[in-house]
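The questions below ask what lies behind some of the terms used for a protein model with a ligand. Each reply sets a value against its definition.

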Amino acid sequence: MTDSSESLAGVLSQQIRARIEAAGGWVGFDAFMALALYSPGLGYYANERPKFGSMPESGSDFVTAPEISPAFGRLLAAQVSEALERTDTREVWEFGAGTGALAEQLLGTLGDQVQRYTIVDLSGSLRARQQQRLAPFAAKLHWADALPDAMQGVVVGNEVLDAMPVQLLMRKKGQWFERGVVWDGAAGGFAWEDRPTALRPPLEIEGPQDYLTEIHAQGEAFVRTLAERLTRGAAFLIDYGFGEDEYYHPQRHMGTLVCHRAHRVDDNPLADLGLKDITAHVNFTGIAVAAQEAGMDVLGYTTQAHFLINCGLLQQLEQMPQGPRAMAAKLMMEHEMGELFKVIGLSRGVAPWPALGFVQGDRTHRL
Ligand SMILES: C[S@@+](CC[C@H](N)C(=O)[O-])C[C@H]1O[C@@H](n2cnc3c(N)ncnc32)[C@H](O)[C@@H]1O
């Protein structure tokens with residue numbers, strides 16, 4: 001670790017330790033994850049360290065679809081364009097815009113169809129980078145720290161739901177506990193502590209085995225808020241995850257929580273705070289149910305591969321030179337992003353329509 005990383009991790013740890021002590025010595029993992037990722041200036045998404053990029057040498061920790069290939073945004077633009085027409089709106093809202101790559105791809109493809117493009121992010125630290133990259137579109141661009149009370153248009157979010165804090169539930173010898181975090185003075189670090197809880201996963205987990213999993217109150221609350229505020233429009237959220245049958249499968253007994261640092265995965269979110277991403281897969285059934293209960297319709301749910309093929313990926317691949325084609329193909333390949341990543345489409349204030357991205361391979365019935 002460099003001196004500056006060490007001091008960032010040290011200062012953030014001391015802050016979180018003080019918060020845990022102020023809370024009586026224990027916080028649920030969701031509170032810990034929120035502090036580790038979003039503490040102003042220090043949290044992983046709030047500090048200035050590089051995060052996004054295709055190679056570890058650039059200082060990045062992981063790579064996302066718009067960074068892998070600009071085809072991602074160009075294809076998503078086909079769906080956004082259709083949704084703007086159907087909802088008769090002219091605005092795009094992007095949650096968690098990273099380096100601005102997806103915004104650049106969407107704005108470059110959609111042209112005059114978009115009059116206003118608003119980036120909503122909890123972390124202000126990427127704004128300068130986005131402003132620089134998106135300078136040619138400056139007249140249309142706006143930034144917001146939170147959702148406005150009422151909004152219209154088409155919402156997009158790539159890998160945003162997986163960055164929302166989760167609660168951890170642990171079943172040991174048949175009894176359920178909420179897994180939280182304490183400061184272990186003797187060891188000089190954070191440690192797990194489980195407390196009995198009335199919380200349960202949305203499905204009964206069959207079998208007697210010990211079982212660790214996550215529940216996603218914050219992600220679901222986010223979708224409910226979106227549904228309440230979006231008076232007319234649609235949303236397309238892309239992320240890794242599954243429906244709840246698969247999420248809470250008896251064999252998935254270690255949960256899905258992982259950390260990413262320098263393109264490596266580890267399972268210890270209690271160390272190197274502020275220096276690594278912490279993420280959990282998305283339970284898309286929970287997202288769909290939360291959206292429907294708050295008045296949205298589900299336009300479709302499918303794999304990223306099906307979605308992009310429905311939006312014209314195969315035709316685009318034919319026209320690309322070999323290098324870019326190999327990168328764009330990763331977006332749909334089963335062992336890369338094609339199968340694990342899913343897209344959910346939601347609408348509000350308009351009659352649902354057979355949306356382009358879901359015309360073939362829709363899996364809404366499996367949610
Ligand atoms: C893994 S990054 C994805 C970045 C980008 N979309 C991409 O694909 O490269 C997750 C982003 O979501 C943002 N985020 C998490 N929760 C959010 C929320 N409730 N509202 C807006 N942004 C959020 C984080 O700050 C972070 O910038």
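Q: What distance separates an oxygen atom of the ligand from an N or O atom in the side chain of aspartate 121?

A: The two atoms are 2.7 Å apart, and a polar contact is a pair of N or O atoms within 3.5 Å, so the pair with aspartate 121 qualifies as one. The model is a predicted one, in which local features need pLDDT of at least 70 and side-chain atom pairs count only at pLDDT 80 or more, while totals for chains, interfaces and linings use all residues. Residues are numbered from 1 along each chain as its sequence is written, and side-chain values use heavy atoms, with hydrogens and water left out.

Q: What makes the pairs that threonine 64 and glycine 96 form with the ligand polar contacts?

A: A polar side-chain atom of threonine 64 lies 2.6 Å from an oxygen atom of the ligand, and a polar backbone atom of glycine 96 is 2.6 Å from a nitrogen atom of the ligand. Set against the limit of 3.5 Å for N or O atoms, both pairs therefore count. As for the ligand's cover, the protein takes up 95% of the 600 Å² of accessible area that the ligand has on its own (Shrake-Rupley method, 1.4 Å probe).

Q: Which residues come nearest to the ligand?

A: Among the 18 residues around the ligand, these are Tyr38, Thr64, Gly96, Asp121 and Asn158, where a residue counts as near if one of its heavy atoms lies within 4 Å. By class, this shell holds eleven nonpolar, five polar and two charged residues.

Q: How many cavities of 30 Å³ or more does a search of the whole structure find, and what makes a space a cavity?

A: The search finds three. On a 1 Å grid over the protein atoms alone, a cavity is a set of points where a 1.4 Å probe fits but cannot get out, and its lining residues have an atom within 4 Å of a point. The largest cavity has about 70 Å³ of space, and the residues lining it include Leu161, His216 and Glu220. Helix α7 (217–229) and strand β14 (282–283) are the elements that give two or more residues to that lining. The second largest cavity has a volume of about 40 Å³.

Q: Why is alanine 227 called buried?

A: Alanine 227, which is found in helix α7, has 0% relative accessibility, and buried means under 20% relative accessible area (1.4 Å probe, protein chains only), so alanine 227 counts as buried.

Conventions:
A polar contact is a pair of N or O atoms within 3.5 Å; within protein, one must be able to donate a hydrogen and the other to accept it, and residues adjacent in sequence count only if both atoms are side-chain atoms. Ala, Val, Leu, Ile, Met, Phe, Trp, Tyr, Cys and Pro count as nonpolar, Asp, Glu, Lys and Arg as charged, and the others, Gly among them, as polar. On a 1 Å grid over the protein atoms alone, a cavity is a set of points where a 1.4 Å probe fits but cannot get out, and a pocket is an open set with protein on both sides within 12 Å along at least five of seven lines; lining residues have an atom within 4 Å of a point. Grid points are joined across faces, edges and corners, and a volume is the space filled by probe spheres set on the points. Helices (H or I, at least four residues) and strands (E, at least two) are DSSP runs, numbered from the N terminus. Buried means under 20% relative accessible area, exposed over 50%, partly exposed in between (1.4 Å probe, protein chains only).
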